[in-house]
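Welcome! Please take a look at the structure below, and then read on for a short guided tour.

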Amino acid sequence: METVRVTIWNEFRHERENKEITAIYPEGIHGAIAAGLRAAGGFEVAVGTLDEPEQGLSDRRLAETDVLIWWGHVAHAEVDDRLVERVYQRVLSGMGLIVLHSGHFSKIFKRLMGTNCSLLWREAGEKERLWNLAPGHEITQGLGDYIELEHEEMYGERFDIPEPDRLIFVSWYAGGEVFRSGCVWERGNGRVFYFKPGHESYPVYHNPEIQRVIANACRWASPRVVSSTVVARQVKQPLEQIAAERR
Ligand code: ZN
């Protein structure tokens with residue numbers, strides 16, 4: 001199996017500003033996700049955060065990324081539009097993108113989806129059960145019928161996204177709502193996975209099953225083709241001589 005180069009991008013604000021969240025993620029959310037990938041093996045892991053130079057994602061870093069993981073919440077608006085455009089073009093060229101939890105409102109996800117990506121939410125620490133709808137899919141390998149999270153934020157339908165190419169998980173909540181919590185799309189040459197779990201005040205990214213989904217998704221989303229989809233405006237010469245009838 002080839003090594004997949006994964007970059008975990010995290011806004012990294014809650015973990016620095018709120019002591020209770022620091023206690024859950026002393027190394028940041030990106031640190032917990034990185035630890036899971038390193039333990040799984042087969043990944044070269046890099047991290048980037050919003051307050052670093054170039055907002056944590058230089059051209060070089062992006063060029064050396066097979067799969068980008070995105071976690072953001074309170075600072076979506078601070079992400080530079082030029083960076084969003086670079087990430088967008090990288091996805092269209094073949095880079096994989098995994099958008100987690102509140103990343104549903106990130107500029108890059110909304111750009112790729114073309115919709116508002118709105119949803120309903122409630123923070124009541126209720127139980128979430130993610131039903132595995134695609135047991136044959138690469139993303140669900142090693143999982144059972146469902147994943148149970150004792151405490152999570154509720155995200156409910158309707159989730160304003162385009163119809164996924166495939167629905168991987170649907171969540172049920174103790175409060176009665178349901179949510180399409182694992183969805184995949186192709187955009188250009190790139191593969192995109194949205195995965196709902198990961199509210200900052202619960203230790204979701206330390207959960208081995210959640211770590212497994214993220215590792216599986218990184219393998220699934222790793223590029224099959226890397227090629228720019230920007231086509232130069234030139235007339236294409238035919239490969240064969242065309243015996244066109246002249247009128
Ligand atoms: Zn949340």
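## The largest pocket

The largest pocket has a volume of about 200 Å³. Among the 14 residues lining this pocket, His73, His104, Trp121, Glu153 and Tyr155 are the closest to its centre. A pocket here is an open set of points on a 1 Å grid over the protein atoms alone, where a 1.4 Å probe fits, with protein on both sides within 12 Å along at least five of seven lines; lining residues have an atom within 4 Å of a point. The volume is the space filled by probe spheres set on the points, which are joined across faces, edges and corners.

## About the model

The model is predicted: local features need pLDDT of at least 70 and side-chain atom pairs pLDDT 80 or more, while totals for chains, interfaces and linings use all residues. Residues are numbered from 1 along each chain as its sequence is written, and side-chain values use heavy atoms, leaving out hydrogens and water.

## The zinc site

Which protein donors hold the zinc ion? They are His101 (NE2), Glu153 (OE) and His199 (ND1), at 2.0 to 2.1 Å from the ion. Donors are N, O and S atoms within 2.8 Å of the metal (3.2 Å for Na, K and Ca); water is not among the atoms, so sites may look incomplete.

Glu153 is buried, with a relative accessible area of 5%, and His199 is buried too, at 3%. Buried means under 20% relative accessible area (1.4 Å probe, protein chains only).

Conventions: Buried means under 20% relative accessible area, exposed over 50%, partly exposed in between (1.4 Å probe, protein chains only).
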